[in-house]
Amino acid sequence: MVEQASGIAAIIPIKNLANSKTRLSSELSPGRRANLVLGMLQRVIVAIQGSSIDQIWVVGGDDRVRNAARDSSALWFDEMGMNLNDTLGKAFDKASERGYSAMYVAGDLPFLKSADIHSLVTATRRQSNITLAPARRDGGTNGLLVPLGIPFRPRLGDRSFTRHLAMAADLEVSVAICYSPGLGFDLDIPEDLETYQHMEPGLLDRLAPQ
């Protein structure tokens with residue numbers, strides 16, 4: 001049975017590799033951090049491709065990010081704004097202009113599976129509410145789905161999950177919360193790297209071969 005198109009554009013913002021995952025600099029060289037970012041990006045794209053999402057947009061980054069996105073059959077866009085939230089807001093606007101609901105997915109989710117994306121989409125109840133996927137550790141937001149026509153823009157950062165709940169309340173829009181495991185585990189700090197390698201032995205070598 002072929003799944004029907006979702007009417008959703010999944011948006012993955014990525015920094016230039018030279019500026020990525022600097023909190024891991026005590027553990028990994030710049031080259032290996034860059035490889036790690038690309039490895040996680042590829043896992044995220046594969047997870048989204050296994051769901052019924054119409055389009056995958058990788059936004060920002062450098063030539064290696066662009067090439068990795070295109071090699072994975074995702075669309076690549078240059079940086080759209082002055083910072084992460086400005087870029088995401090403009091990407092959400094572009095999705096709306098093209099008739100898509102907008103889904104933000106963090107690019108650093110090493111355990112993301114298609115089932116996690118399916119859970120995020122299903123929680124929208126036929127796209128009648130905003131869906132948020134909280135980060136496990138810092139109160140951030142690793143996934144966000146905003147149906148077409150709702151004027152909601154991401155405000156990512158520490159404790160952004162609480163901010164997003166408040167923003168939805170101000171708009172009088174209902175919210176579903178998706179606790180799917182692969183959306184909760186983002187990789188930012190050395191403690192994450194240590195924990196995740198216990199969860200999946202050999203993870204670093206698979207994501208970022210030397």
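Which residues point one way from β4, and which the other way? Select β4, residues 101-105, to find out. This is a predicted model, so treat each stop as a computed view.

**Stop 1: strand β4**

Show the side chains of β4. Ser101, Met103 and Val105 point one way. Ala102 and Tyr104 point the other way. Each of these residues is buried. Buried here means under 20% relative accessible area. Because five of the five residues of β4 are buried, the strand is largely enclosed by the rest of the structure.

**Stop 2: the neighbours of β4**

Add β1, residues 8-13. β1 and β4 pair in the parallel sense, over four bridges. Look for Ala9, whose bridge partner in β4 is Ala102. Ala10 stands opposite Met103.

Now add β6, residues 141-146. β6 and β4 run antiparallel, and four bridges join them. Pick Val105 in β4; its bridge partner in β6 is Gly143.

**Stop 3: strand β1**

Stay with β1. Six of its six residues are buried, so the strand is mostly covered. Ile8, Ala10 and Ile12 point one way from β1. Ala9, Ile11 and Pro13 point the other way.

Next, select β2, residues 55-59. β1 and β2 run parallel, joined by five bridges. Ala10 turns up again here: its bridge partner in β2 is Ile56.

**Stop 4: Met103 and the core**

Centre the view on Met103. Which residues does Met103 touch, not counting residues up to four places away in sequence? Ile8, Ala9, Ala10 and Ile11 are among them. So are Ile53, Phe92, Ile117, Leu120 and Val121. Leu144 and Leu145 are on the list too.

Zoom out to the largest nonpolar core, which has 56 residues. Met103 is one of the five members that touch the most other members, along with Ile11, Ile12, Ile48 and Val58. Helix α1 gives the most to this core, with eight residues. For a second, separate core of twelve residues, select Leu24, Leu193, Tyr196 and Leu203, which it includes.

**Stop 5: the largest pocket**

Finish at the largest pocket. About 830 Å³ of space lies in it. Its lining takes two or more residues from each of α1 (30-49), α3 (84-97) and β6.

How many residues line the largest pocket? The count is 32. Select Lys15, Lys21, Leu84, Asp108 and Asp188, which lie nearest its centre. Then colour the lining by type: ten residues are nonpolar, 13 polar and nine charged.

Key:
Residues are numbered from 1 along each chain as its sequence is written. This is a predicted model: local features need pLDDT of at least 70, side-chain atom pairs count only at pLDDT 80 or more; totals for chains, interfaces and linings use all residues. Side-chain values use heavy atoms; hydrogens and water are left out. Buried means under 20% relative accessible area, exposed over 50%, partly exposed in between (1.4 Å probe, protein chains only). Two strands pair if DSSP finds at least two bridges between them. On a 1 Å grid over the protein atoms alone, a cavity is a set of points where a 1.4 Å probe fits but cannot get out, and a pocket is an open set with protein on both sides within 12 Å along at least five of seven lines; lining residues have an atom within 4 Å of a point. Grid points are joined across faces, edges and corners, and a volume is the space filled by probe spheres set on the points. Ala, Val, Leu, Ile, Met, Phe, Trp, Tyr, Cys and Pro count as nonpolar, Asp, Glu, Lys and Arg as charged, and the others, Gly among them, as polar. A nonpolar core is a set of buried Ala, Val, Leu, Ile, Met, Phe, Trp, Tyr and Cys residues joined through side-chain atoms within 4.5 Å. Contact means heavy atoms within 4.5 Å.
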